[in-house]
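Work through the two exercises below with the coordinates open, and try each task before reading its solution.

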Amino acid sequence: MLKFYQGPVWCARQREMLPLIVRCKSAKALTSMRSGTATLHFSSRAGDALGNPKDLGKAAAKPFRDIPGPKSLPLVGTLYLYLPFIGKYSFGRLHHTGLKKLREFGPIVREELISNVNLLLLFDPRDIETMYATEGRYPMRRSHVALEKYRLDRPEMYNSGGLLPTNGPEWWKLRSPAQKVLSRPQSVLSRLPVVSEVAQDFVDLVAILRDPVTGFIPNFLDLEKRLFLELTMAATLDVRLGCIDKVNPHNISEEAMSLIKASDDSNSTIFSTDNGLHLWKVFNTPTYKKLTNGQDTIYRIAYKYVDAKDNELKSRPEDNPTTVLEYFLLRSGLDKKDIISVFCDTLLAGIDTGSVTLSFALYNLATNPEKQELLAQEARDLLSQSDGKVTKVVLAQARYLKAVVKESSRLYPISIGVGRIAAEETVIRGYNIPKGTVIVTQNQVSCRLPEYFENPNEFLPERWFTKDAINPFLVLPFGHGPRACIGRRMAEQNVYAALIMIAANYKIGWKGGKLDCYSTHTNEPDSPLDFTFTPRD
Ligand code: HEM
């Protein structure tokens, strides 16, 4: 999958065409930017006017404080701008907020969110590339800080804070062996037969749950969460949990229910514990308790299945691993505590992300019926040659399917962008960026700008087949570089399998209004999923 990320291969034409967003202070430019349709007038000459950031030495670069941004007040910083009803910005709509800031201040924005806590927002893919180029061997992210405390307080269960919150060499100690297993094609592909089985069960369940007249399924997002829990457990912990049970379609096991709740509870605490006052460091706040309860459940269940497999392997005469879990236990070199910690993160990271990605892909297909037909045709052709199963060959040939998912991730990514902490003092776009600055890329905003995509708000999977090069630092749903999503291979396999099966079996309809994202720990649909499913045969 690294093919999308092979670095910046600019041709001269691209350099001319790609905008360099500068001089936003001019009223004229602002007006055209506000219109939202006007092309921003940038050229390599405009770039010269600012100076190529990469050519500037640190000495010649402008100070950090000169970066434009919203006015910060003593103590409260810019938080006053996010007040409900009266504030012009919103934490719940980071993409709209980001677009407003781009229009007001230009492609690089400094924001003092609270006194002395500086955020740097980057919109231009070339600046995002510069950020990645300077992230170093151990890219740092500041997230899941309460989760880190939970784990460090329990040395009998965990060796470290785990993959999500840990930074520095300690993160790499865990990441390096874990990614050898999780990005290994054979180990992930070894689970494809069971993933295909789950996807088949899901389309059978849709047949049972859909209203026979309207085709509507209420609470579809909950059903998707059941699907992705089942997929994640089957793909990582070698267990079919029974979340997609055709015999008992409305009920799921107590264990499955508690896992979904635990993942929801844990994830719902991340945003508020990462931001704002860290009272949870001192008091057992209700939010921290919620995280603790969720994590206790996830740990207990991950432990149970890792331990069971460990015992099974001990009694097996041969030691040739075939599944992801077996590779972890027999080949990764990680001890059991670390393996359990990786699977706990997997349960935290694999359910909502998959459900949301599938939701928006289905929405885009339902609202673009001609594109849906193209996918259905590809899906039916390929599955007819594989006895209805999703196989390695099917996925290798499913070109339109991949373009659909990629295009859907452009329009509705899982998050606004990625966060990094500047590992060293650096220069971005002609400004000195101090070490330790928190940088948040704004890919979601840039991915809808006409400067980078023709008809940016249209769902056009075909754009990924044209020769027109698209800057590889724009669409990054899994991040980029050494700290990118470790579960990407597995996540894509799960989403592709589910989507190809649904597209082959159902005509997907949409009876809701326009769907947008709401920003929480991930982006999520901002209204109920009003899909209808009509059998194709
Ligand atoms: C469509 C589904 C998914 C999307 C869009 C997604 C996206 C992401 C993104 C954007 C990051 C941050 C990358 C960065 O900072 O550069 C990330 C990190 C991570 N993801 Fe995923 N993810 C998905 C599914 C999964 C799955 C299925 C797993 C588990 C197998 C997983 C495990 C993780 C972990 C453990 C990290 C932290 C990695 C680290 O910090 O070293 N993700 N993911």
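The exercises treat the surroundings of the ligand and then two backbone angles.

This is a predicted model, in which local features need pLDDT of at least 70 and side-chain atom pairs count only at pLDDT 80 or more, while totals for chains, interfaces and linings use all residues. Residues are numbered from 1 along each chain as its sequence is written, and side-chain values use heavy atoms, with hydrogens and water left out.

**Exercise 1.** Determine how many residues surround the ligand, and which are the closest.

Solution. Taking a residue as near when one of its heavy atoms lies within 4 Å of the molecule, the shell has 24 residues, of which Arg-141, Arg-175, Arg-420, Arg-483 and Cys-485 are the closest. Next, look for polar contacts, meaning pairs of N or O atoms within 3.5 Å: a ligand oxygen lies 2.6 Å from a side-chain N or O atom of Arg-141, and the corresponding distance is 2.7 Å for Arg-420 and 2.8 Å for Arg-483.

**Exercise 2.** Find the sign of phi at Phe-85 and at Asn-455, and describe the setting of each residue.

Solution. Begin with the background that most residues other than glycine have a negative phi. Phe-85, however, has a positive phi near 70°, and Asn-455 has a positive phi of about 40°. Phe-85 sits in the loop between α3 (44-50) and α4 (94-105), where helices are DSSP runs of H or I with at least four residues, numbered from the N terminus. Its relative accessibility is 89%, so Phe-85 counts as exposed (over 50%; buried is under 20%, partly exposed in between, with a 1.4 Å probe and protein chains only). Asn-455 lies in the loop between α19 (443-446) and α20, and at 39% relative accessible area Asn-455 is partly exposed.

Terms used: Polar contact = N/O pair within 3.5 Å; in protein donor to acceptor, adjacent residues only side chain to side chain. Helix = DSSP H or I, 4+ residues; strand = E, 2+ residues; numbered from the N terminus.
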